[in-house]
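Student: Could we go through this protein model together, a step at a time, with the sequence and the structure side by side?

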Amino acid sequence: MTGTPWQASFDFEGASLWSPRLEDARARLSLVRPAAYARSRNYLDGAVTQLSPYLSRGVLSTLQVAESLVERGLSWEDCESLVKELAWRDYFQQVWKHQGNGIDQDLRQPQVGVCHHQVPAALVNARTGITAVDAAVAELYRTGYMHNHVRMYTAALACNVGGAHWLQAARWMYYHLLDGDWASNALSWQWVAGAFSTRKYFANQENINKYCYTHQRGTFLDVGYDALERMKVPEALMETVLPELRCELPEGPWIDAAKLREILQEHPSKPVLMYHFYQLDPQWSPAGRDGDAIRVMLWEPEFLQKYPVSQRVMAWVKALAEQIPGILWISAPFAEVFEANDSPRIHFKEHPTTTHYRGHCHPREWLFPEVDGYYPSFSSYWKRCESRARAMFG
C-alpha cells in the first residue's frame, strides 16, 4: 500500500443546509417527528431531525430536544427511539469527559486487522465503486453533511474492509462535518472498527442497496457476511493516502490579547463569559448575567491544530458565533490572554477542551445529569438512564 498527501477540493460557495439563527434552530426542533424518525431513520430519505449541527455546537442541548417532545404531549412509545439516540450523544460526551485524550486511542481493545494508518484513496476521492458511499462523500465535501447510517458504511468500508486504523479516517471525516463532534465521531468509528465494541460492524451491498435505494450488483461488497468478514483488502481500496487537513481562521473582527486586556481593565466589574467551538449558545447567561458582560470567543491555535476543520466548518462556526451579542474574537491560548487575578470574573461551561480554563466552571445541560461517570458500553449507561427517560414522559 502506498501513501500520498491529498487535499479535498469542493465548492465552498455551496448553500448551507442550516441557518445559524436560534429561531430557525428552534423552528426545526418543532418539526421533529419522533415516530417517523423511529420507523425511517436508517433510510437516506428518513425523517431524521437534522439538529446535530446545533447540538454539536451547544446551540441546542439534548435536554431541550427531549423536553420539547414532552411539551408537545408525545408518548414514550413514539419518542423512545429518538430519546435513546440523544442518550447516545450524551454517552459519548461522558466517555470523553472521563477518559479525556484516551478516546484518541483504541479504548476497549486494540483494533484487529489493521493494515495501515492512512485512508483508502478511493474513499477520499469518492471513487470506491460503491455508489451510495461515493455519493455521500461527494455530498460531505459539498455541504458538510453525511447521513448517519452512511457514516457507518463509510467507517466499515475504511476499517473493516480496507484495513485502515480508525484514527486518521475519523479525523478526515470530522474535518468536513458541520456537526463534527470529536467524541461522537471518534467513538463511533471505534465502535464500527471493534475498538470500542464487542465486534466489528459490517454492511454488504444488499444492506446498502436497501437503505440507500441503490440497485448495485457485482461489487466487492456483493457477498454474504461470512465471506465479507474473511475478505482480503479489495484492489479498489489498496492505495492509501494521508489527507492534508489544513485549518485556517476565517476573516473576522479579530482583536489581540493586548486589546482584550484594555477592555478588561476598562470594565473591571463586568464578568467574562467564555465561548468556544462546542459552546455557542447565544442565550447562555450564567448567574443571571444576561446583559452586562464581556463575551469572548477563544479560537485557540493548539485546539485547531489538534482538531482541524475545513473552511466550510469554520464559516459555520463563525456564523453561529456572530449570533452572540457583542462577541469578541481572539486567537490565542487561554494562558496568554488571561491572568490569575482574572479568574473570579471568568465563566465557562465544562467541556473536555476547556479543562485548562480558570474561573467558574458551569455544568453542561445533560439529558440525565444524575448519571455521571465512565461506562464501558452504551447498554450499561442506558440501564441507568432508561427509567429516568420513561419518567419524563409520565
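Tutor: What follows is a set of questions and answers about this model, which is a predicted one.

Student: Where is Asp181 found?

Tutor: It helps to start from the helices on either side, which are α9 (166–176) and α10 (182–193). Asp181 is placed in the loop between α9 and α10.

Student: Which side chain of opposite charge is nearest to Asp181, and how far away is it?

Tutor: Asp181 is buried and yet has no salt bridge. A salt bridge needs a side-chain nitrogen of Lys or Arg within 4 Å of a carboxyl oxygen of Asp or Glu. For Asp181, the nearest side chain of opposite charge is that of Arg89, at 5.1 Å.

Student: Which backbone nitrogen lies 3.1 Å from a polar atom of the side chain of Asp181?

Tutor: Not counting residues up to four places away in sequence, Asp181 touches Ser56, Gln93, Tyr174 and Tyr278. The nitrogen you ask about, at 3.1 Å from a polar atom of the Asp181 side chain, belongs to the backbone of Ala183.

Student: Which residues of strand β7 point the other way from Ile346 and Phe348?

Tutor: In a regular strand the side chains alternate between the two faces of the sheet. Strand β7 covers residues 346–349, and all four of its residues are buried. With Ile346 and Phe348 pointing one way, the residues that point the other way are His347 and Lys349.

Student: Which residue stands opposite Lys349 in β8?

Tutor: Strand β7 pairs with β4 (residues 272–275) in the parallel sense over two bridges, and there Leu273 has His347 as its bridge partner. Strand β7 is also joined to β8 (residues 360–362) by three bridges, and these two strands run parallel. Within β8, the residue opposite Lys349 is His362.

Student: Which helix gives the most residues to the largest nonpolar core?

Tutor: The largest nonpolar core has 111 residues, and Val83, Trp182 and Phe368 are the ones that touch the most other members. The helix that gives the most to this core, with 10 residues, is α5 (residues 76–99), so the name to remember is α5.

Student: How many residues are in the other core, which lies apart from it?

Tutor: Phe368, in the largest core, is in contact with residues that include Val83, Ala87, Tyr381 and Trp382, leaving aside its neighbours within four places in sequence. Apart from that core lies another, with Ile255, Ile263, Phe334 and Phe338 among its members, and its number of residues is 17.

Student: How many residues apart in sequence are the parts that Arg41 and Glu85 tie together?

Tutor: Side chains of opposite charge can pair when their charged atoms come close. Arg41 and Glu85 form a salt bridge with an N to O distance of 3.5 Å. Because Arg41 lies in the loop between α2 (34–40) and α3 (52–55) while Glu85 is in helix α5, the pair ties together parts whose separation in sequence is 44 residues.

Student: And how many residues apart in sequence are the parts tied together by Asp372 and Lys97?

Tutor: The side chains of Asp372 and Lys97 meet in a salt bridge at 3.0 Å, N to O. Asp372 is in the loop between β8 and α17 (378–392) and Lys97 is in helix α5, so the separation in sequence of the parts they tie together is 275 residues.

Student: Is Arg261 buried or exposed?

Tutor: Arg261 meets Glu339 in a salt bridge, at 3.6 Å from N to O. The cut-off for buried is under 20% relative accessible area. Because Arg261 has a relative accessible area of 16%, the word that applies is buried.

Student: Which residue just after α4 takes a positive phi?

Tutor: Helix α4 (residues 62–71) has Thr62, Leu63, Val65, Ala66, Ser68 and Leu69 as its buried residues, and what covers them includes α1 (22–30), α2, α3, α5 and α17. Just after this helix, the residue whose phi is positive, at about 75 degrees, is Gly73.

Student: What is the phi of Gln50?

Tutor: Gln50 has its place in the loop between α2 and α3, and its relative accessible area of 29% makes it partly exposed. Although Gln50 is not a glycine, its phi is positive, at about 55 degrees.

Note on methods
Residues are numbered from 1 along each chain as its sequence is written. This is a predicted model: local features need pLDDT of at least 70, side-chain atom pairs count only at pLDDT 80 or more; totals for chains, interfaces and linings use all residues. Side-chain values use heavy atoms; hydrogens and water are left out. Buried means under 20% relative accessible area, exposed over 50%, partly exposed in between (1.4 Å probe, protein chains only). Lys and Arg count as positive and Asp and Glu as negative; His and the chain ends are not counted. A polar contact is a pair of N or O atoms within 3.5 Å; within protein, one must be able to donate a hydrogen and the other to accept it, and residues adjacent in sequence count only if both atoms are side-chain atoms. Contact means heavy atoms within 4.5 Å. Two strands pair if DSSP finds at least two bridges between them. A nonpolar core is a set of buried Ala, Val, Leu, Ile, Met, Phe, Trp, Tyr and Cys residues joined through side-chain atoms within 4.5 Å.
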